[in-house]
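Please take a moment to look over the sequence and the structure shown here before reading on. The paragraphs after it are meant for someone who meets this structure without earlier acquaintance.

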Number of protein chains: 2
Amino acid sequence: CRDYEGREYTFEEYFQRIRAFHGYAAPGLIIGGRMVDLALERLPAGILFDAICETSYCLPDAIQILTLCTTGNGWLRVIHLGRFALTLYDKYQGKGVRVSLNPARLDAWPEVKTWFYKLKPKAEQDTPLLRQQIRDAGSDLFTAREIQMQSQWLRGRELGKTVNCPLCGEAFPEKHGAICRGCQGEAPYE
Amino acid sequence: CRDYEGREYTFEEYFQRIRAFHGYAAPGLIIGGRMVDLALERLPAGILFDAICETSYCLPDAIQILTLCTTGNGWLRVIHLGRFALTLYDKYQGKGVRVSLNPARLDAWPEVKTWFYKLKPKAEQDTPLLRQQIRDAGSDLFTAREIQMQSQWLRGRELGKTVNCPLCGEAFPEKHGAICRGCQGEAPYE
Ligand SMILES: [Zn+2]
Ligand SMILES: [Zn+2]
């Protein structure tokens with residue numbers, strides 16, 4: 001696959017990057033790398049693009065490894081639609097390409113189907129065969145189509161004014177209310 | 001700062017990693033690197049840990065660069081409390097350390113305060129001075145405290161059964177309903 005600067009990675013090189021970032025060479029990352037590649041191939045060269053990922057499982061990390069779109073810079077947003085799909089789109093015009101895994105194609109690649117639908121426990125899956133099928137299938141696993149983002153998604157994110165919480169003393173966005181959300185009961189820890 | 005394996009980075013080395021991943025050496029990433037370092041210092045060595053980040057601005061990327069906790073492997077979760085804080089905690093017991101930026105400390109570091117509360121437009125901020133103050137302040141900017149995660153946060157994430165949507169034909173988690181969320185109207189594109 002390739003990254004946003006057009007640098008090509010061999011499978012092994014990409015595996016190394018996956019392991020260093022994600023912890024292990026998950027099949028979803030390997031597939032995701034092909035999906036990013038396909039989307040980049042269809043975007044006009046040199047545009048600034050943002051990313052949408054429709055699942056939080058594995059796929060966001062393929063985007064983060066191969067593009068400059070990340071969780072922390074806001075150019076990648078995960079929306080929990082649960083479909084194995086990503087979209088890369090022109091940051092300003094919102095025209096882009098959506099790439100999704102196409103279930104109708106999976107019958108031709110049974111080990112990929114087994115992994116994706118968890119038809120066998122993980123210990124019984126054939127990992128080398130799975131990786132081979134992902135490689136052999138290439139773009140055959142995917143559907144790509146042009147999309148237009150809705151206009152509200154084209155606004156940059158905006159924190160607004162930062163103020164200090166009268167209860168905990170920490171800084172938070174004024175628009176969250178009179179006290180911060182943590183003090184409103186949303187903190188996940190004691 | 002250091003990463004989860006104890007590898008120390010000079011400021012310049014860490015800047016290079018920030019630029020390669022996040023796109024630019026944002027102050028929030030530089031501060032975030034110190035926060036991760038402080039949390040790692042206080043965690044027992046060798047435990048498996050997950051991460052919570054209370055803002056989506058910059059800080060998640062400090063965690064992703066310096067630990068193996070990422071958006072795509074699920075070991076990093078962003079909860080939108082809006083406070084500039086992160087927590088690293090034992091994956092199984094939930095005991096951890098929360099590190100937050102302490103607004104009461106910022107008067108001593110006026111360029112950091114100016115940046116954080118956006119007291120001047122970005123073009124008028126003194127970036128070299130800001131970076132110098134972040135460096136000089138070190139851990140003085142932060143509060144660290146031990147926390148215990150609530151038990152529901154200790155369950156691993158679970159997709160459940162995957163089925164195909166009768167409308168769009170794509171795969172999605174059965175628990176999302178009779179049709180996928182995209183077909184329920186939640187997709188952000190035409
Ligand atoms: Zn508060
Ligand atoms: Zn659907």
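What follows is a walk through the metal sites, a covered helix and some aromatic contacts.

The model is a predicted one, and every value below should be read with that in mind. A good place to begin is the zinc ion (ligand 1), whose protein donors are the SG atoms of A:Cys165, A:Cys168, A:Cys180 and A:Cys183, lying 2.3 to 2.4 Å from the ion. Along the chain, the donors of the zinc ion (ligand 1) follow the spacing C-x2-C-x11-C-x2-C. What is the arrangement of the four donor atoms around the zinc ion (ligand 1)? The donor atoms subtend angles of 107 to 116 degrees, and the arrangement is therefore tetrahedral, since four donors count as tetrahedral if all angles lie between 85 and 135 degrees. Two of these cysteines can be described by their accessibility: A:Cys180 is buried, with a relative accessible area of 0%, whereas A:Cys183 is partly exposed, at 27%.

In chain B, the zinc ion (ligand 2) is coordinated through the SG atoms of B:Cys165, B:Cys168, B:Cys180 and B:Cys183, at 2.3 to 2.4 Å. Its donors are spaced along the chain as C-x2-C-x11-C-x2-C, and because the four donor atoms subtend angles of 106 to 116 degrees, the arrangement around the zinc ion (ligand 2) is tetrahedral. B:Cys165 lies in the loop between strand S6 (162-164) and strand S7 (171-173) of chain B, while B:Cys183 belongs to helix H6 (residues 182-186) of chain B, so this pair ties together parts that are 18 residues apart in sequence. B:Cys165 is buried, with a relative accessible area of 3%, whereas B:Cys183, at 27%, is partly exposed.

Another part of chain B to look at is helix H3 (residues 59-66), which is mostly covered, with eight of its eight residues buried. Among the buried residues of H3(B) are B:Leu59, B:Ile63 and B:Leu66, and also B:Asp61 and B:Gln64.

The aromatic rings come next, and the count over all chains comes to eleven aromatic pairs. In one of them, the rings of A:Phe84 and A:Phe116 have their centres 5.9 Å apart and their planes at 80 degrees, so the pair is edge-to-face, planes over 60 degrees apart being counted in that way. Because A:Phe84 lies in the loop between strand S2 (76-78) and strand S3 (85-90) of chain A, and A:Phe116 in helix H4 (residues 110-116) of chain A, the pair ties together parts that are 32 residues apart in sequence. Both A:Phe84 and A:Phe116 are buried, and together with A:Trp115 and A:Tyr117 they form one aromatic cluster.

In chain B, B:Phe84 and B:Phe116 form an edge-to-face aromatic pair, with 5.9 Å from centre to centre and 80 degrees between the planes. B:Phe84 is placed in the loop between strand S2 (76-78) and strand S3 (85-90) of chain B and B:Phe116 in helix H4 (residues 110-116) of chain B, so this pair ties together parts that are 32 residues apart in sequence. B:Phe84 is buried, with a relative accessible area of 9%, and B:Phe116 counts as buried at 10%.

Finally, some rings have a charged group over them. B:Arg135 lies over the face of B:Phe11, at 4.3 Å from the ring centre, and the charged end of B:Arg157 in chain B sits over the ring of A:Tyr57 in chain A, 3.9 Å from its centre.

Conventions
Residues are numbered from 1 along each chain as its sequence is written. Chains are lettered from A and ligands numbered from 1 in the order in which they are written. This is a predicted model: local features need pLDDT of at least 70, side-chain atom pairs count only at pLDDT 80 or more; totals for chains, interfaces and linings use all residues. Side-chain values use heavy atoms; hydrogens and water are left out. Donors are N, O and S atoms within 2.8 Å of the metal (3.2 Å for Na, K and Ca); water is not among the atoms, so sites may look incomplete. Four donors count as tetrahedral if all angles lie between 85 and 135 degrees; four count as square planar and six as octahedral if opposite donors are over 155 degrees apart and all others between 65 and 115; anything else is irregular. Helices (H or I, at least four residues) and strands (E, at least two) are DSSP runs, numbered from the N terminus. Buried means under 20% relative accessible area, exposed over 50%, partly exposed in between (1.4 Å probe, protein chains only). Rings of Phe, Tyr and Trp (its six-membered ring) pair if their centres lie within 6.5 Å; planes under 30 degrees apart count as stacked, over 60 as edge-to-face and the rest as tilted. A charge sits over a ring if NZ of Lys or CZ of Arg is within 6 Å of the ring centre and within 35 degrees of the ring normal.
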